Amino acid sequence: MLGRIISFGIIFLIVSVGCKKKEVCPTLPSPPSPAELLSTSLHYTTAGMAYFYSAQNGGFENLTGIPYENLACKNCHVDPNNCGTCHSKEGDVPTDNSCLNCHGRQKAEIALGYTDVHKSQGFVCAKCHDEEDVHGDGKSYNSMFEGAIHVNCYDCHTTLPSTTAHNTHLKSLTDRNDDELDCSACHVKSVVTCYNCHFESEVNLGQKVAYGRFHNWKFLVKRNGKVSAGNIMTITYQGKAFVVVAPFYGHTVYKPDPSTICDECHRNSFVQEYNSSGTMTLVRWLADSLKLKYSKGTIPVPGNWRDALKLSYVTKDEEGKWVHLKDEADLKQILFCEPLDKLPPQF
């Protein structure tokens, strides 16, 4: 009788706890292969670009009338059956160059001379972005901002140092849940914007051509209840202009100077202009030099950003020269974030 009880107990324990290894339970399914995971990842589906562009999400398709499936950018994806796209040999750690072949804005950060505290310590892309970030987790996402990127600053920085800025803006140095600021709001030095994409080049030549790379600026938006770093993207096509505001994490992380970091927000020329005129002048066309000039600094995105943010747009003439198009976008979009509830007070 005792033996039966013991046997029943062992069986119950196995059923309750579950088998941990396939060799113990041969019927346990094998984990998905990298190729299977990649087939639903953003690296393969390019669903992020399609979602951003689509008419139903307020995207640029509303102005072009061209389906995403007809664009050359849909072909920019990783082949799940070709590990050589990223790996020198199967199973090795991809080099940074493998990542930068596609991630152009991160490549531009390096070309423009920006440093990053992690990179300066010898970190490579794969140090933070592990297999789950790169191969995917088996789920389909419309954007990396829907949860496709799993790494965050708090994975390593579990306890923050006691500084004036931290003590002012963070409720706790160990609990990040109720913070009003995301780390990126202060610790991302700059984002790079490929300003004014010339969509005719994409449609007719399959090439991405922008007016230029704007940098030394950073937008602040609200994401998941926190003030976070953001960016803009602008596109023109057949006399129409489009602008989108979205979160963006620049890999330009630095340790701010305590004597100047507060001034970025609290002695902010954009906020001062807004308080005076209700506008923030970001990009304007200079008729005398026939060029666009952009303003540098930290740009807190206000609630009425559609009216407040002032940008000029250009296109190419028959000779291929950039010429002024207009000073107001025909369509404006905001994705995966919100404008700020309030602008930083000025001291």
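Me: In this predicted model, is Asp179 buried or exposed?
Reply: Let's start with where Asp179 sits: in the loop between α10 (164–169) and α11 (183–187). Buried means under 20% relative accessible area. Asp179 has a relative accessible area of 4%, so Asp179 is buried.

Me: Which residues is Asp179 in contact with, leaving aside its neighbours within four places in sequence?
Reply: Good follow-up! Contact here means heavy atoms within 4.5 Å. Leaving aside neighbours within four places in sequence, the residues in contact with Asp179 are Tyr154, Leu170, Lys171, Ser172, Gly225 and Lys226.

Me: Which residue caps the N-terminal end of helix α14?
Reply: Look just ahead of the helix, which covers residues 269–277. A side-chain oxygen there lies 2.8 Å from the backbone nitrogen of Phe270, and that oxygen belongs to Asn268.

Me: And which residue just after α14 takes a positive phi?
Reply: Now go to the other side of the helix, just after α14. The phi angle there is about 85 degrees, and the residue is Gly278.

Me: Which residues are the closest to the centre of the second largest pocket?
Reply: This pocket holds about 770 Å³ of space. Its lining has 33 residues, and the closest to the centre are Pro161, His166, His187, Lys255 and Pro256.

Me: Which elements give two or more residues to the lining of that second largest pocket?
Reply: By class, the lining has 19 nonpolar, ten polar and four charged residues. The elements that give two or more residues to it are α10, α11 and α13 (261–266).

Me: How many disulfides does the structure hold?
Reply: A disulfide is a covalent bond between the sulfur atoms of two cysteines. The sulfur of Cys156 is 6.2 Å from the closest cysteine sulfur, in Cys128, which is too far for a bond. Cys337 is in no disulfide either, as its nearest cysteine sulfur, that of Cys265, is 16 Å away. For the structure, the count of disulfides is zero.

Me: Is Cys337 buried or exposed?
Reply: Try Cys156 for practice: at 63% relative accessibility, Cys156 counts as exposed. Cys337 has a relative accessible area of 10%, so Cys337 is buried.

Me: Which elements give two or more residues to the lining of the largest cavity?
Reply: This cavity has a volume of about 50 Å³. Its lining consists of Ile232, Val243, Val245, Trp305, Arg306, Leu309, Leu311 and Lys332. The elements that give two or more residues to it are β4 (240–247) and α15 (305–308).

How values were computed. Residues are numbered from 1 along each chain as its sequence is written. This is a predicted model: local features need pLDDT of at least 70, side-chain atom pairs count only at pLDDT 80 or more; totals for chains, interfaces and linings use all residues. Side-chain values use heavy atoms; hydrogens and water are left out. Helices (H or I, at least four residues) and strands (E, at least two) are DSSP runs, numbered from the N terminus. Buried means under 20% relative accessible area, exposed over 50%, partly exposed in between (1.4 Å probe, protein chains only). A polar contact is a pair of N or O atoms within 3.5 Å; within protein, one must be able to donate a hydrogen and the other to accept it, and residues adjacent in sequence count only if both atoms are side-chain atoms. On a 1 Å grid over the protein atoms alone, a cavity is a set of points where a 1.4 Å probe fits but cannot get out, and a pocket is an open set with protein on both sides within 12 Å along at least five of seven lines; lining residues have an atom within 4 Å of a point. Grid points are joined across faces, edges and corners, and a volume is the space filled by probe spheres set on the points. Ala, Val, Leu, Ile, Met, Phe, Trp, Tyr, Cys and Pro count as nonpolar, Asp, Glu, Lys and Arg as charged, and the others, Gly among them, as polar. A disulfide is a pair of cysteine sulfur atoms within 2.5 Å.
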